[in-house]
Amino acid sequence: MAEVVCRDLVEEENEDRKHFKRILNAFRCYRINSLQRLYKTSVYFETLPVAHQYVLKSYKQHLDKIRKCIDQNNEVIKLIINDVAHMFENTDHTADVQKTSCDANVKFSDMDKVQSLLRQFVREWSIEGEQERKACFKPILDELTYIFPEDQCNPQEIQVLVPGAGLGRLAYEIARHGYTCQGNEFSLFMLFASNYILNKCKGINLHCIHPWIHQSCNHFSSNDQTRPAYFPDVNPSDIPSQVDFSMAAGDFLQVYTEPGTWDCIVTCFFLDTANNIVSYIETIYHILRRGGYWINLGPLLYHYADLPDENSIEPSYEDVKKVILSYNFDILKEQTGLKTPYTQNPRSMMFHEYRSVFFVCKKIES
């Protein structure tokens, strides 16, 4: 039996390393993949009638500008992956980063995530994302400070968990309020980037990216597509030295199994990342202390709903609420229809926003 377990652990580690190298390769292929897409457009442009090319001279110049933007984005991406070999305390990936070239056989979905990561920088760590953060983070922070006011408790004694922490900005803001906070993230795309921001960026507006160049439609002007964004808009190291702030990598359901550990769990655009949302609710109840609080904000865009190789259930909010109540949660506050955009280009002709639900629950014991 021990031999079987050992073999399983080795196979699991090999799969983890294979996954690590796949994600790393997607970052490395960003420039080549982006230039290939641009080249296709440029080649087609050259086939247009000369008269058409003449009236589109400014568009051709715009394509040249996009090429420069791709190069600038790639410089930031190289910084992000420069130190990923040693970002995990329990695993050394030195051997996995030896190859520096790009394997062109990269999944479309992986490249799409690298490109969307540029927009995530804007949402979480750029001045341009301030309105999105105000819509999504402020209700949570206001509620947290209302439940645990500084004049009635020692914030450092309040343990707050933020699963699905993304690039870490919400967890960072909670820590800046003085609470002990841990962010949890499963995606290596997010973990690579959050590791760089939280551990390597020691200042304000250190880097320039062009997050909208991969959205080729619905621009009022060419400059709207190529305009820069700067990050971080605050100093990520600007957290009181006595405050315990950390990020933990891994599957929420597997990492957090200790009962009665957390005073508050904050979920923002997280619940719908589950194959089975009940397992999330069950785990949240299990790891909260008696009388602990759960603050949630977000929609129900179930991430696995349309993936052919994934199993998924997609209950309505009405059904989710019934599940929450069945686990002896007392719903203290509930708002629906909160307008919450996510990584949206504020200057685009097209704008999406969710009508999210916001609720606050308290764990009760029968």
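**Two helices and a pocket**

Okay, let's start with a contact: in helix H12, Ile-277, Val-278 and Ile-281 meet Val-320, Val-323 and Ile-324 of helix H13. Sort that contact between H12 and H13 by class and you get six nonpolar residues, with no polar and no charged ones. Just so everyone knows, this is a predicted model.

So how do people talk about a pair like that? Two packed helices are described by the angle between their axes and by the distance between the axes. Here, H12 covers residues 277-287 and H13 covers residues 317-326, and their axes come within 10 Å and cross at roughly 30 degrees. Angles under 35 degrees count as roughly parallel, so H12 is roughly parallel to H13. And the handedness? H12 passes H13 in a right-handed crossing.

Right, on to the empty space. Rolling a probe the size of a water molecule over the atoms shows where such space is left. I picked the second largest pocket, with a volume of about 630 Å³. It has 25 lining residues, and the closest to its centre are Arg-37, Ile-213, His-214, Ser-216 and Gln-225.

Which helices each supply at least two residues of that lining? They are H2 (30-47), H4 (57-80), H5 (108-125) and H10 (222-226). H4 gives the most, with six residues.

Now look at the classes in this pocket's lining: 13 polar residues, nine nonpolar and three charged. Keep that next to the H12 and H13 contact, where the count was six nonpolar, no polar and no charged. That's my bit, thanks!

Key: Residues numbered from 1 in each chain as written. Predicted model: local features only at pLDDT ≥ 70, side-chain atom pairs only at ≥ 80, totals over all residues. Heavy atoms only, no water. Axes fitted to C-alpha atoms, helices over the stretch in contact; angles between N-to-C directions. Helix = DSSP H or I, 4+ residues; strand = E, 2+ residues; numbered from the N terminus. Parallel < 35°, antiparallel > 145°, perpendicular 65-115°, else oblique. Left-handed = near helix turned anticlockwise from the far one by under 90°. Contact = heavy atoms within 4.5 Å. Nonpolar A, V, L, I, M, F, W, Y, C, P; charged D, E, K, R; others polar. 1 Å grid on protein atoms, 1.4 Å probe; cavity = no way out; pocket = protein on both sides within 12 Å on 5 of 7 lines; lining within 4 Å. Points joined across faces, edges and corners; volume = space filled by probe spheres on them.
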